[in-house]
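Please open the model in a viewer and keep the selection tool at hand. The tour below proceeds stop by stop, stating at each one what to select and what is found there.

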Amino acid sequence: MSGRFGARLAEQVAAHGPLCAGIDPHAPLLAAWGLADDAAGVERFGRTVVEALAGHVACVKPQAAFFERHGSRGVAALERVIADARDAGLLTIVDAKRGDIGSTMAGYADAFVGDSPLAGDAVTVSPYLGFGSLRPLLDLAAERGRGVFVLALTSNPEGASVQHAVGADGRPVARAVAEAAAAENAGAAPFGDVGLVVGATVGPAVAGLGIDLDAVNGPLLAPGVGAQGATAADLQQVFGDARRLVLASSSREVLAAGPDPAGLRDAARRSADAVRAALAV
Ligand SMILES: O=c1ccn([C@@H]2O[C@H](COP(=O)(O)O)[C@@H](O)[C@H]2O)c(=O)[nH]1
């Protein structure tokens, strides 16, 4: 792995468009692909996506939950998917959404941004034990040139009850998260390594909460396009002047076109083209 995550991602987005394809081996998708709902099935699913999309999308995002539900064999399958992607030169964001007290975050840091086979190019984390609790993982990620995506405004409707709440300092919680990420990325070019997760489904929340996403100067991972109902056009409203930082993410909509590799590539290309066009406006 050479160079920082932000720079590597910017290069891939320029080449393939601002789309991250999710690898979410849901039980119904495994059935539709003719695969068993077991560790071998999720491994075949993940490796098929990597083989089909390497060189065609900016990155992939394996959802750890769908591998972990098969226990240690599922985790081993996730490790093989990550290894395949690395060998193919395809960036991976491991969607693990870890968050704990700082001393335990040091363990998650070793697992997801250190030397473990679970480490991809970046990982998703939850700041809801306090942004400062992420410090051990942020520091190890920076040392290793890896990225971190911090949940800010999630795509699910339930997230607002926590993320829109106003904290003791008078700032909405999600704004405080965004400002903390901005401090990590200060001065980085083309942008830094600490991104945010901001759902494509959040409508006017960014502006309503007074969040300056452009100032974050880090990649903005936007799940919710496709199966959750957001369209590429929604990205304009949600992200406004921060459109240059957006990396839209779509899982089920792309995966429904598998297991045929050409079908997966066509679906990913259609999504990437729609997102690129919407963000160019
Ligand atoms: O706010 C969030 C954070 C993460 N996700 C994850 O993204 C994918 C979405 O899958 P679709 O099939 O495109 O709906 C999934 O892995 C989620 O856990 C999110 O949706 N929202």
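How many salt bridges does the structure hold? In this predicted model, the structure holds 18 salt bridges. Several of them serve as stops on the tour, before the route turns to the nonpolar core.

**Stop 1: helix α7**

Select residues 135–144, which form helix α7. Display the side chains of Arg135 and Asp139, which are joined by a salt bridge whose closest N and O atoms lie 3.1 Å apart. The two positions are separated by about one helical turn, because Asp139 and Arg135 are four residues apart in this helix. Both partners may then be coloured by accessibility. Asp139 has a relative accessibility of 41% and counts as partly exposed; Arg135, at 33%, is likewise partly exposed.

Next, select Glu143 and Arg144. These residues form a salt bridge, with 3.7 Å between the closest N and O atoms. Is Glu143 buried or exposed? With a relative accessibility of 60%, Glu143 counts as exposed, since the threshold for that class is over 50%. Its partner Arg144, at 30%, is partly exposed.

**Stop 2: helix α13**

Move to residues 261–280, helix α13. Select Arg269 and Asp273, whose side chains meet in a salt bridge with an N to O distance of 2.9 Å. Asp273 and Arg269 are four residues apart in helix α13, so about one helical turn separates them. The relative accessible area of Asp273 is 39%, which makes this residue partly exposed. Arg269 is also partly exposed, at 31% relative accessibility.

**Stop 3: a linked set of charges**

Select Glu43, Arg47, Arg80 and Asp84 together. These four residues are linked in a network of salt bridges.

**Stop 4: the largest nonpolar core**

Hide the charged side chains and turn to the largest nonpolar core, which has 92 residues. The residues with the most contacts inside this core are Val150, Leu153, Leu196, Val198, Leu213, Leu235 and Phe239. Which helix contributes the largest share of the core? That helix is α13, already visited at the second stop, which supplies seven residues.

Finally, centre the view on Leu235 and display its surroundings. Leaving aside residues up to four places away in sequence, Leu235 touches Ala200, Ala222, Val225, Gly240, Val246, Ala248, Val275 and Leu279. Two of these contacts, Val275 and Leu279, fall within the residue range 261–280 of helix α13. The tour ends at this position.

Technical notes: Residues are numbered from 1 along each chain as its sequence is written. This is a predicted model: local features need pLDDT of at least 70, side-chain atom pairs count only at pLDDT 80 or more; totals for chains, interfaces and linings use all residues. Side-chain values use heavy atoms; hydrogens and water are left out. A nonpolar core is a set of buried Ala, Val, Leu, Ile, Met, Phe, Trp, Tyr and Cys residues joined through side-chain atoms within 4.5 Å. Buried means under 20% relative accessible area, exposed over 50%, partly exposed in between (1.4 Å probe, protein chains only). Contact means heavy atoms within 4.5 Å.
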